[in-house]
Amino acid sequence: MTFLPTEWLAARRRAGDALVVAWLAGIAGVVGSFAVASFTPSFVATPIADSLARNLPGAVITFAIVVLGDLGAKLNVVAALVLATLLLAGIALVGIAAGRRIDGQLAGPLIATTVSSVVTFVLTGASLASIAAGVGVGSVLGGATLLAATKPAASDASGRRRVLGGAASALAFGIGSYLLGEHVGSDRASPPDVAPTTDESVVAAVDASLAEADEKSLDIGGLEPLVSEGFYQVDINAADPIIDADEWSLTVTGAVEDEPTYSYDEIRNLDPESRFVTLRCVGESLNGKKLDNALWTGVPIMDLLEPAAPADECCVMLRGADGFYEEFPLSALRDGFLAYEMNGDVLPRGHGFPVRALIPGHWGEINVKWLTEIEVLEGEQDGYWEKRGWHGTGPVETVAKLHAVNDLTDGRVEVAGHAYAGIRGIKRVEVSTDGGESWADAELSEPLPGDDVWRQWRYRYDPPPGSHEVVVRATDGTGSLQPEEESDAFPSGPTGWVSRTIDR
Ligand SMILES: Nc1nc2c(c(=O)[nH]1)N[C@H]1C(S)=C(S)[C@@H](COP(=O)(O)O)O[C@H]1N2
Ligand SMILES: [Mo]
């Protein structure tokens with residue numbers, strides 16, 4: 001080993017200590033923000049995750065969706081957490097450096113607190129959670145400085161104490177802010193502060209429809225009933241947007257004679273109806289679980305569009321409060337629906353509170369949530385996903401999924417799933433238990449009312465000894481058989497027949 005001057009060694013050690021303390025400060029800042037905001041748009045990592053999702057190249061996003069699936073969304077959040085920590089740690093380093101130049105022990109921590117709070121506020125627009133982030137950063141620096149000061153500077157012990165002080169402050173601060181967040185959660189997401197309709201005829205109709213769905217559901221272990229219990233959620237946001245119904249409005253713009261704006265109350269005062277509508281995401285895998293059904297209450301879109309007197313134009317662009325937008329033919333909008341309730345409850349934040357669009361028969365992506373604008377267009381434009389290479393605005397592909405394989409007490413095997421073909425409807429589902437050599441009709445659940453609703457299918461058989469391949473395929477209401485040719489979700493939705501090898 002070469003000889004190193006002690007001064008140089010000390011400086012290197014000091015720099016190392018500063019990095020550790022800054023890193024701890026960054027973590028404390030993120031923890032403080034999270035403790036107050038929890039996982040909402042007020043949390044410092046949320047806008048970073050959103051910005052990654054919106055700005056990464058389309059190919060990267062498509063890889064994340066098609067190959068990584070839900071893991072992709074998790075990785076996005078992890079990346080955002082690391083970036084948020086780095087950002088606050090960087091500010092802490094600036095604070096440490098400034099503190100060394102300015103007299104007064106707490107100058108550095110104070111600068112770091114202020115800058116971190118301001119930067120976090122600029123990112124999130126949330127005051128309390130931003131202050132918590134700043135105080136997190138500052139208290140670690142402060143703790144490190146104070147404890148280090150109990151030993152002469154430049155001694156080894158001073159450096160150790162600096163790191164120890166930082167770590168202790170980070171821990172104390174984390175616990176403190178968590179407790180604070182429990183009590184003053186003004187930056188936290190609360191469920192929408194509005195009640196579902198009390199209109200007796202609406203409530204009665206909803207109850208009757210839900211009871212009908214319950215009754216028509218085939219009771220199959222491992223298979224969602226006709227009204228999904230856990231409705232999938234897909235959107236470009238790391239945390240659900242929090243929109244105040246009182247401040248929200250929906251405007252019709254573009255190639256229209258008039259540009260009416262509707263408030264939440266105005267929409268809820270129109271004549272409501274309830275409809276079953278099934279949604280399916282174009283980016284899911286062939287036998288994925290991003291296919292669900294609910295009973296939605298709201299109003300036909302044309303009730304709001306007609307007063308605008310749209311020219312008979314080619315298409316519309318729907319825009320959401322999260323910056324999402326999708327374009328599709330005006331003709332598809334004509335049967336569209338605006339929902340503000342889901343299964344008899346106020347529309348949950350994750351599904352678009354206050355109001356979302358439901359466009360029958362098309363892929364999920366044009367069912368814009370947190371809807372704020374309906375723009376009538378004179379020419380075609382690309383939507384959010386089309387700009388990233390997808391073609392997900394058209395009618396859905398026909399699919400029969402296989403989600404349940406159950407052993408019956410009499411030795412038979414029961415296979416079951418859902419089938420969906422948008423507004424074409426499902427006429428028939430067939431099952432093969434010999435890899436596609438021979439086919440038999442599956443039992444279908446009784447159809448629910450509505451133009452765009454899935455069905456359940458079920459088939460029971462005596463399993464041949466050993467391994468066999470079950471294949472399932474649907475025929476839609478027009479008599480067309482589900483296409484056998486396999487294609488990936490990208491760009492226009494998965495196709496093929498679902499098959500599964502079963503060993504008995
Ligand atoms: N505003 C907005 N609306 C949106 C999205 C979005 O990211 N932002 N995602 C779309 C996609 S890709 C799908 S599949 C459906 C899913 O609706 P859900 O989350 O209620 O199941 O919402 C659509 N509406
Ligand atoms: Mo989707």
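**Exercise 1. The loop between E7 and E8**

Task: Where does Asn-343 sit in this predicted model, and what is notable about the phi of Asn-343?

Solution.
- Step 1: Locate the residue. Asn-343 belongs to the loop between E7 and E8.
- Step 2: Look at the backbone. Asn-343 has a phi near 50 degrees, which is a positive value in a residue other than glycine.
- Step 3: Check the accessibility. With a relative accessible area of 22%, Asn-343 is partly exposed, because buried is a term for values under 20%.

**Exercise 2. Another positive phi**

Task: Which loop holds Ser-38, and what is its phi?

Solution.
- Step 1: Find the flanking helices. Ser-38 is in the loop between helix H1 (6-37) and helix H2 (45-55).
- Step 2: Read the torsion. The phi of Ser-38 is positive, about 50 degrees, although Ser-38 is not a glycine.

**Exercise 3. Cis peptide bonds**

Task: Go to Pro-354 and Pro-491; where in the chain does each one lie, and what is the omega of the bond from the preceding Phe?

Solution.
- Step 1: Begin with Pro-354. The bond from Phe-353 to Pro-354 is cis, and its omega is near 10 degrees.
- Step 2: Place Pro-354 in the fold. Pro-354 is part of the loop between strand E8 (345-346) and strand E9 (356-358).
- Step 3: Move on to Pro-491. Phe-490 and Pro-491 are joined by a cis peptide bond with an omega of about 0 degrees.
- Step 4: Place Pro-491 too. The loop between E18 and E19 contains Pro-491.

**Exercise 4. Strand E4 and its partners**

Task: Is strand E4 (residues 291-300) largely enclosed or largely open, and which strand pairs with E4 over eight bridges?

Solution.
- Step 1: Take the burial of E4. In this strand 10 of the 10 residues are buried, so E4 is largely enclosed by the rest of the structure.
- Step 2: Find the partner with eight bridges. This is strand E3 (residues 273-280), which pairs with E4 in the antiparallel sense.
- Step 3: Fix the register of that pair. Arg-275 has Trp-296 in E4 as its bridge partner.
- Step 4: Add strand E7 (residues 337-342). E7 and E4 run antiparallel and are joined by five bridges.
- Step 5: Fix the register here as well. Opposite Pro-300 stands Phe-337 in E7.

A reminder for this exercise and the next: strands of a sheet pair through backbone hydrogen bonds, either parallel or antiparallel.

**Exercise 5. An open sheet**

Task: In what order do the four strands E15, E14, E18 and E19 form an open sheet, and which are the edge strands?

Solution.
- Step 1: Write down the order. The sheet runs E15-E14-E18-E19, and the pairing is antiparallel.
- Step 2: Pick out the edges. Strand E15 (440-441) and strand E19 (498-503) each pair on one side only.
- Step 3: Follow one pair in detail. Six bridges connect strand E18 (residues 467-476) with E19, in the antiparallel sense.
- Step 4: Name a partner. Ser-467 has Asp-503 of E19 as its bridge partner.

**Exercise 6. Two sides of helix H3**

Task: Which residues of helix H3 (residues 58-68) are buried, and why can they be put on the same side?

Solution.
- Step 1: List the buried residues. Ile-61, Thr-62 and Ala-64 are buried in H3.
- Step 2: Use the arc. They cover only 155 degrees around the axis, which puts them on the same side of H3.
- Step 3: Turn the helix round. Ala-59 and Val-67, on the other side of H3, are exposed.

**Exercise 7. The surroundings of ligand 1**

Task: Which residues come nearest to ligand 1, and how much of the ligand does the protein bury?

Solution.
- Step 1: Survey the shell. Among the 18 residues around ligand 1, those that come nearest are Tyr-232, Asp-322, His-351, Arg-356 and Lys-369.
- Step 2: Sort the shell by character. Nine of its residues are nonpolar, four polar and five charged.
- Step 3: Look for polar contacts to nitrogen. A polar side-chain atom of Asp-322 is 2.7 Å from a nitrogen atom of ligand 1, and a backbone N or O atom of Asn-367 is 3.1 Å from a nitrogen atom of the ligand.
- Step 4: Look for one to oxygen. A backbone N or O atom of Ile-236 lies 2.9 Å from an oxygen atom of ligand 1.
- Step 5: Finish with the area. Ligand 1 taken alone exposes 530 Å², and the protein buries 99% of that.

Methods:
Residues numbered from 1 in each chain as written. Chains lettered and ligands numbered in written order. Predicted model: local features only at pLDDT ≥ 70, side-chain atom pairs only at ≥ 80, totals over all residues. Heavy atoms only, no water. Near = heavy atom within 4 Å. Polar contact = N/O pair within 3.5 Å; in protein donor to acceptor, adjacent residues only side chain to side chain. Areas by Shrake-Rupley, 256 points an atom, 1.4 Å probe, with all protein chains shown as cover. Nonpolar A, V, L, I, M, F, W, Y, C, P; charged D, E, K, R; others polar. Pairing = 2+ DSSP bridges. Buried < 20%, exposed > 50% of the residue type's maximum accessible area, 1.4 Å probe, protein only. Arc of directions from axis to C-beta.
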